[in-house]
Amino acid sequence: MITLSSDFGSPYPAAMKGVILDRCDARLVDVAHDFPRQDVRSSAFWLREVLPYFPPAVHLVVVDPGVGTDRNAIVIRAGGHAIVAPDNGVAIPVARELAGADEFEVFRIDVTDPESSTFHGRDVFAPAAAEVYEAGIGQFHARATFEKMADYEEITFPEPRVIGQETRGEVLVVDDFGNVISNIPGEFLQVDFGETIEVNGMETPVRKTYATLEPGEPLVTVGSHGYVEFAVNQGSGDEAFGLEVGDEICLY
Amino acid sequence: MITLSSDFGSPYPAAMKGVILDRCDARLVDVAHDFPRQDVRSSAFWLREVLPYFPPAVHLVVVDPGVGTDRNAIVIRAGGHAIVAPDNGVAIPVARELAGADEFEVFRIDVTDPESSTFHGRDVFAPAAAEVYEAGIGQFHARATFEKMADYEEITFPEPRVIGQETRGEVLVVDDFGNVISNIPGEFLQVDFGETIEVNGMETPVRKTYATLEPGEPLVTVGSHGYVEFAVNQGSGDEAFGLEVGDEICLY
Amino acid sequence: MITLSSDFGSPYPAAMKGVILDRCDARLVDVAHDFPRQDVRSSAFWLREVLPYFPPAVHLVVVDPGVGTDRNAIVIRAGGHAIVAPDNGVAIPVARELAGADEFEVFRIDVTDPESSTFHGRDVFAPAAAEVYEAGIGQFHARATFEKMADYEEITFPEPRVIGQETRGEVLVVDDFGNVISNIPGEFLQVDFGETIEVNGMETPVRKTYATLEPGEPLVTVGSHGYVEFAVNQGSGDEAFGLEVGDEICLY
């Protein structure tokens, strides 16, 4: 199985699928092709939240603002999975999650003379994903195309801070429903479901699920990712709370 | 085969796919993940129009404004198909269509302690769809997970009324082309193709197909669903007629 | 394998998939369903850029402003591929590309009494694609459903003109990134990467790739299609250059 994730929109992902299917008969599964454009951190968040639900697979990931520069193309082997991606950190958080207590390994892809300087998804990463799939996740590193490397780009998510009764965090992403997802783990919530909390000064009910409130009412909840979220029952949390990616959040 | 339908946008459907593929090797087919958000009736319309074209399959349907409440999760067996969905009526119109002259059966899914209160697509419905697929559409009900139930939520579509030369109906959905689809069956049209009819007072040509008019011209036609539609050749019917979902239509 | 391309948005493509899977067990691969609506030329461009990356396959293509009129439905056999499409020229540029030095052949589909006048994707083209797939790309023409024909609709792309140091071209499409793709082949660029060129009077750097400039800076590059493109590093070329499909471009 090869999964595909990118910020390409349409129809560029289809060219990657053609390239892969011309080289192997892997089952293809789209994860998403509308990751926030050239936003490596948001994409890294979504990959970490979604890919661990898959059985061991090759994951092709292309969010690549540095396409055509000398940034490396890499394959990460982690927990039975292989992730093919640019070396910009986008795949590191999910690699840590997949590897768990184990280490993950990073391999540089030997790239020679790609057809284009602007579409390495098609010309570099898709062929590499097919080669990893064909060789096998346990064996691909024996091929000359892949060379183990020690240095790679990292990205990390900001840590929340707890200062007495106050918890300070940051908006990591806003999902398609308009739910605002923070970096504050649910365990950090200092009030119980059914109570209220101040969100940047706005007194807000804390609820286990949306439909305990009337449509249109804002709430604080712990989302499916395990993080504190700011939402509106059948509405858009980002509008109600006036929050976007990177904004600071103060819970009191 | 397992089909997937939701109002989740992206990338949440991929988590459901991961969960399913981690449990079984079903072929997955996306129906749509952009059903009008938390709009049970519109989603029910689209399911009824699309799913009957599929061969017998497991259909995973998640449009679920009541997620995390005590609403049931159900499986409906109808005409060789199985539909896994929340018990909010979304799957009833298509179940009737698939069952035809036969009865359909409804089974409650025994849900114990899902990982989240906000993403039962991933934590409840996807695992249930995989279990139904693995057990077989004819056999799954023998498992303890599924218990036959008699009471379930229904939704119905409004009926059109004919009063002499006047036909009154309602807008059911607007499609991606901007075609306005009503609840008035094509047989109720009291004029022939080539003639005109008054739509809420606006004299409009009735045509069998779009391209018999110039680009930009509004028309009344009988769409691929068999219902009277209000459209514009190479344009948007909803804009031209000023109609949206739930609006009343009077044909004269 | 059957690929699917259309301007249908959602969920109409799922009805086509149901029809196909009810008739055969082909692997289905979505190319795109958001081609510019009823825009035959832009769709023809994208098909020519994407389909040649696939191994031999049946390609179902429905961009069909003339649906329900007496325009023909056709199958084109080219270079081991078969393309099922309306006879409006949409599939001709890719057929030429796939055929290469060989000729391509065009067959009329015998269409009898489709269920609808407005959704031939479901009622005519999807069944024909399944029939071609079942019969085989090399054999389908032996069936009575398909009749060889000599006359078919063509579309062509405008040719660029070089007048001394000036090159005049046209915007063919704008992609999802906002990159403006012209009909001017990269070889026609009369300056080297690293230099500048006037685009409709605006002095602009010419670069091999985006990230050699600061985010937000406009550039001229040669895109993955081999054509001159007008882009912005991590931004939208169409906005920065004020260009849309069909606009004239003068490079000096």
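Here are some short exercises on this predicted model, each with a worked solution.

Residues are numbered from 1 along each chain as its sequence is written, while chains are lettered from A and ligands numbered from 1 in the order in which they are written. Because the model is predicted, local features need pLDDT of at least 70 and side-chain atom pairs count only at pLDDT 80 or more, with totals for chains, interfaces and linings using all residues; side-chain values use heavy atoms, with hydrogens and water left out.

**Exercise 1. Get an overview of chain A.**

Solution. Start with the secondary structure: chain A has five helices and 15 strands. Helices (H or I, at least four residues) and strands (E, at least two) are DSSP runs, numbered from the N terminus. Next, the dimensions: the C-alpha trace spans about 60 × 35 × 30 Å along its principal axes. Then look at burial, where buried means under 20% relative accessible area, exposed over 50% and partly exposed in between (1.4 Å probe, protein chains only). Of the 252 residues in chain A, 60% are buried. Last, take the contacts, meaning heavy atoms within 4.5 Å. Among those in chain A between residues at least 6 apart in sequence, 64% join residues at least 24 apart.

**Exercise 2. Work out how the chains are related.**

Solution. Two copies of a chain are related by a rotation about an axis and a shift along it. Here, copies are superposed by least squares on the C-alpha atoms of residues with pLDDT of at least 70 in both. Chain A lands on chain B after a rotation of 120° with 0.0 Å of shift along the axis, at an RMSD of 0.0 Å. That is the relation of a three-fold axis. In chain A, the C-alpha nearest this axis belongs to A:Arg27, 5.4 Å from it.

Now try chain C on chain A: a rotation of 120° with 0.0 Å of shift does the job, with an RMSD of 0.0 Å. In chain C, the C-alpha nearest the axis is that of C:Arg27, at 5.4 Å.

Do the interfaces next. Only 4% of the interface residues of chain A are also interface residues in chain B, so the copies meet through different surfaces. For chain C and chain A, the shared part is likewise only 4% of the interface residues of chain C.

**Exercise 3. Trace the seven-stranded sheet in chain A.**

Solution. Strands of a sheet pair through backbone hydrogen bonds, either parallel or antiparallel. Two strands count as paired if DSSP finds at least two bridges between them. In chain A, seven strands make an open sheet in the order 2-1-3-5-4-6-7, with mixed pairing. Strand 2 (28–32) and strand 7 (146–149) of chain A stand at the edges with a single partner strand each, so one side of each has no neighbour in the sheet. Neighbouring strands of this sheet are turned by 25° against each other on average, direction ignored.

Zoom in on one pair: strand 4 (residues 73–78) and strand 6 (residues 105–109) of chain A run antiparallel, joined by four bridges. A:Val75 has A:Phe107, in strand 6 of chain A, as its bridge partner.

**Exercise 4. Is A:Val61 buried or exposed, and which residues does it touch?**

Solution. First place the residue: A:Val61 sits in strand 3 (residues 58–62) of chain A. At 0% relative accessibility, A:Val61 counts as buried. Leaving aside neighbours within four places in sequence, its contacts are A:Ser5, A:Leu47, A:Ile83, A:Val84, A:Ala85, A:Pro86 and A:Val90.

**Exercise 5. Move to chain C and describe its sheet and helices.**

Solution. Begin with strand 1 (residues 2–6) of chain C, which pairs with strand 2 of chain C in the parallel sense over four bridges. C:Leu4 stands opposite C:Asp30 in strand 2 of chain C.

Then add a helix. Helix 1 (residues 12–21) of chain C lies across strand 1, strand 2 and strand 3 (58–62) of chain C, at about 155° to strand 1 of chain C. Axes are lines fitted to C-alpha atoms, for helices over the stretch in contact, and angles run from 0 to 180 degrees between N-to-C directions.

Finish with a helix pair: helix 2 (residues 40–50) and helix 3 (residues 92–99) of chain C pack at about 20°, their axes 7 Å apart. Helix 2 and helix 3 of chain C are therefore roughly parallel to each other (angles under 35 degrees count as roughly parallel, over 145 as roughly antiparallel, 65 to 115 as roughly perpendicular and the rest as oblique). The contact involves C:Ala44, C:Leu47 and C:Arg48 of helix 2 of chain C, and C:Pro93, C:Val94 and C:Glu97 of helix 3 of chain C.
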